[in-house]
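Here is a friendly walk through one model, from its sheets to its ligand. Have the sequence and the 3D view open as you read.

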Amino acid sequence: MGGIAVASLALAGFGAAGAVAAPGNPGQPKYTAGDEGGGDPYFPYSGNGGYDVLHYDLDLTYTPPAASPAPIEGDLDAVATIDLVPTQDLDRFNLDLRGLDVTAVTVNGKPATSSAPPAAGDEVDGAAFWQVQDDTARVWELTIQPRPKLKAGSEVEVVVEYGGTTTRPRDIEGFLYGWVTTRDGAMVVSEPEGSMTWYPQNDQPTDKATYSFEITVPEGKVAVANGTQPKPEETANGWTTWFWDAPDAQASYLTTASVGDYDLRDAYTSSSGVPIIDAVDADLMSGNLATTNASLALQPAMIDFFESVFGDYPFVAYGSIVEDDSVGYALETQTRPVYSRVARESTVAHELAHQWFGNAVSPELWQYIWLNEGWASYAEWLWAEEQGGETAQDAFEGVMSIPDTSSFWDVVIGDPGPTGLFAGPVYDRGAATLHALRLEVGDDDFFAAAQLWLERYDDGTATSDDFQAVYEEVSGLDLDAFFETWLYTPEKPVI
Ligand code: ARG
Ligand code: ZN
C-alpha cells in the first residue's frame, strides 16, 4: 500500500464528505461520517469518532519467521469481529489499521466492496471500504461505508478479514512497538498507539472494550494474550489454537497476543486468589532466567502489598510474559505485562502497579501520562521500602538532589508532548510529585485519596485536573499552586 489520497483525510474536510442531509424531511436522521481522529492532539489520527466499541473478538493465525535467514518477517492472517454501538447516525466510520491489507468487510452481515480512497468531498456508491496508509504523515486508516447506514444506539457487528507480512514497527520516537516480529514469534507491546499494527480498532484509551482471542500458531509455539484461558489449547494438523478471554474493560494499547517458545506456568495465586499465569521464554540466558524467576516468585507478595495500599487488584488474572527478544522496555499489558529479556524486581513492581494506575484508570489523553508513570515509579519506591530497602523519602531526596541547572527540570511532565511521553522526568519527577503531594496532604489523606481516585475512575479514563480535584476533595486544601509548580513549571520546585 502506498501513500495515497492523504489530502482527502485532512481532519477539517473529512466530516463533510459523508454528510447526507435529508432535505424536506427534518424528522429523518442526518447521517454523517464519524471523525477519523479520536480527539487527542498528540496523535490526531489515532482513535475515531462516531461509535463506541463493546467487544473485539480476534481470530489470528500467525506464522513466525523461518529460523533463518533474515529478514525477520512473519505472516498474519486474521479475522476481527467487532461489536460496536454508533454514537451518531453514521454514513461512514473509520477503524485504525496500519501496515496490513484488508480483504473483506461485512457490517451486520452485509458485505462491502473494496474501493479506492475517494477524493475529498466525493461520494462513493454503495457499501464500500478503503484504506489509507501514509507512513510519512503517520496516517493509517480503514474507512467503512456501510449500507444500510447505521443508526445511533443500534448494535452493530463489523467483521474485518485482513492480514499480511508482519515486521518490526516503530513509534514516533523510533522505538520498536506494536506487533514486533521476533525470530521465534512476536512480542506485542503497543503503547501508545501501536495496536493498530495488528488489529483494526478505535485506538484511544477512552474507548475501552472487552476481548476474546483465538490464536493459531505452528504446533510447539505458545500464544499468550490478556486474561484467562477459557479452555485448553487444541492441536490439529501441526497447528495449535490458544484461547484467551479478557472480560475486563481494556484500553487498546494494553492488548497483547505474544507468541514464542514459552514455558507456560499457571500453578499459583495471590493470597486474595488472583490466578497468576506466566509465560517465560525457554531461551532466556541463564543469569536472566535466574533473576526473572526470583522476581516472578515475588508477584503474589507484591499483589498482597499493593492491595493493602491501593485496594483490590482490579482484574481477573495476572502474570508475566518474558521474551528473549528486546524492545528496550517492559510494558504493563493488561493482566499480563511483557518484559524484554529479563524481569527485574523493581520493574515487576512497576508493571504490577500499572494495573491500578494506567490500566484500571487510564489517561483520557496521552498528555496525562505522568499519572501512569509517576504512580508506577512511586509504587517501586513503596515496594523497596516495604522490603527494607531505600525509603520513599530517601528516593525523593535523591530526585531533589538533582541540581536545579539540570535539564531534568525542563520537562513539563503535565504536558510532555508526543515525543516526551517516556522521558525520564515523567517517571522520576512524576514519582517525586506524588511524594511531595503526600508531604503536603499527610499520609492518611494521600492514601485515602489514591483509593478514592481508583474507585471513582475504575474501568475509565481521567485527567490531571480530575486527579487534583480528588486530592482537594479529600484534603480540603487548594492545590492549584502545588500542581502548577510540579506539573507545569519547567523549573526545580522549591520545597
Ligand atoms: N509504559 C512502559 C513502562 O513504564 C514504558 C513504555 C515505553 N514505550 C515506548 N514507546 N518507549 O514500563
Ligand atoms: Zn511504566
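Helices and strands here are DSSP runs, with at least four residues for a helix (H or I) and at least two for a strand (E), and they are numbered from the N terminus. With that in hand, we can place Pro148: this residue sits in the loop between strand S8 (139-145) and S9. Please keep in mind throughout that this is a predicted model.

**Backbone features in the loops**

Let us stay with Pro148 for a moment. The peptide bond joining Arg147 and Pro148 is cis, with omega about 0°. A cis bond also links Glu191 and Pro192, again with omega about 0°. Pro192 belongs to the loop between strand S11 (185-189) and S12. As background, most peptide bonds are trans, and most residues other than glycine have a negative phi. Asn237 is worth a look as well: this residue is not a glycine, yet its phi is positive, at about 55°. You will find Asn237 in the loop that runs between S14 and S15.

**The sheet of 12 strands**

In what order do the 12 strands of the open sheet follow one another? The order is S1-S4-S8-S7-S6-S5-S9-S3-S2-S12-S15-S14, and the pairing is mixed. Strand S1 (32-33) and strand S14 (234-236) stand at the edges with a single partner strand each, so one side of each has no neighbour in the sheet.

S9 is a good strand to follow inside this sheet. Strand S9 (residues 156-166) pairs with strand S3 (residues 74-86) in the antiparallel sense, over 11 bridges. In that pairing, Leu76 faces Gly164 of S9. S9 also pairs in the antiparallel sense with strand S5 (residues 101-107), here over 6 bridges. Val102 has Tyr162 in S9 as its bridge partner.

Further along the order, strand S12 (residues 209-218) and strand S15 (residues 239-250) run antiparallel and are joined by 9 bridges. Glu214 stands opposite Phe243 of S15.

**The sheet of 4 strands**

A second open sheet to visit has 4 strands in the order S17-S18-S19-S20, with mixed pairing. Its edge strands are strand S17 (262-269) and strand S20 (338-340), each of which pairs on one side only. From one strand to the next, the twist averages 20°. S17 and strand S18 (residues 275-281) run antiparallel, with 6 bridges between them. Tyr262 is found opposite Asp281 of S18. Helix H3 (residues 299-310) packs on this sheet and touches S17 and S18, and the direction of H3 makes about 135° with that of S18.

**Around ligand 1**

Finally, let us turn to the ligand. Which residues come nearest to ligand 1? Of the 13 residues around it, these are Asp171, Glu191, Glu332, Glu351 and Glu373. Sorted by character, the shell comprises 6 nonpolar, 2 polar and 5 charged residues. Glu191 is already familiar from the cis bond to Pro192. The table sets out polar side-chain atoms that lie close to atoms of the ligand.

| Residue | Ligand 1 atom | Distance |
|---|---|---|
| Asp171 | nitrogen | 2.7 Å |
| Glu191 | nitrogen | 2.7 Å |
| Glu373 | oxygen | 2.8 Å |

How much of the area that ligand 1 exposes when taken alone does the protein bury? Alone, ligand 1 exposes 350 Å², and the protein buries 95% of that.

Technical notes:
Residues are numbered from 1 along each chain as its sequence is written. Chains are lettered from A and ligands numbered from 1 in the order in which they are written. This is a predicted model: local features need pLDDT of at least 70, side-chain atom pairs count only at pLDDT 80 or more; totals for chains, interfaces and linings use all residues. Side-chain values use heavy atoms; hydrogens and water are left out. A residue is near a molecule or strand if one of its heavy atoms lies within 4 Å of it. A polar contact is a pair of N or O atoms within 3.5 Å; within protein, one must be able to donate a hydrogen and the other to accept it, and residues adjacent in sequence count only if both atoms are side-chain atoms. Accessible areas come from the Shrake-Rupley method with a 1.4 Å probe; for residues, only the protein chains shown count as cover. Ala, Val, Leu, Ile, Met, Phe, Trp, Tyr, Cys and Pro count as nonpolar, Asp, Glu, Lys and Arg as charged, and the others, Gly among them, as polar. Two strands pair if DSSP finds at least two bridges between them. Axes are lines fitted to C-alpha atoms, for helices over the stretch in contact, and angles run from 0 to 180 degrees between N-to-C directions. Contact means heavy atoms within 4.5 Å.
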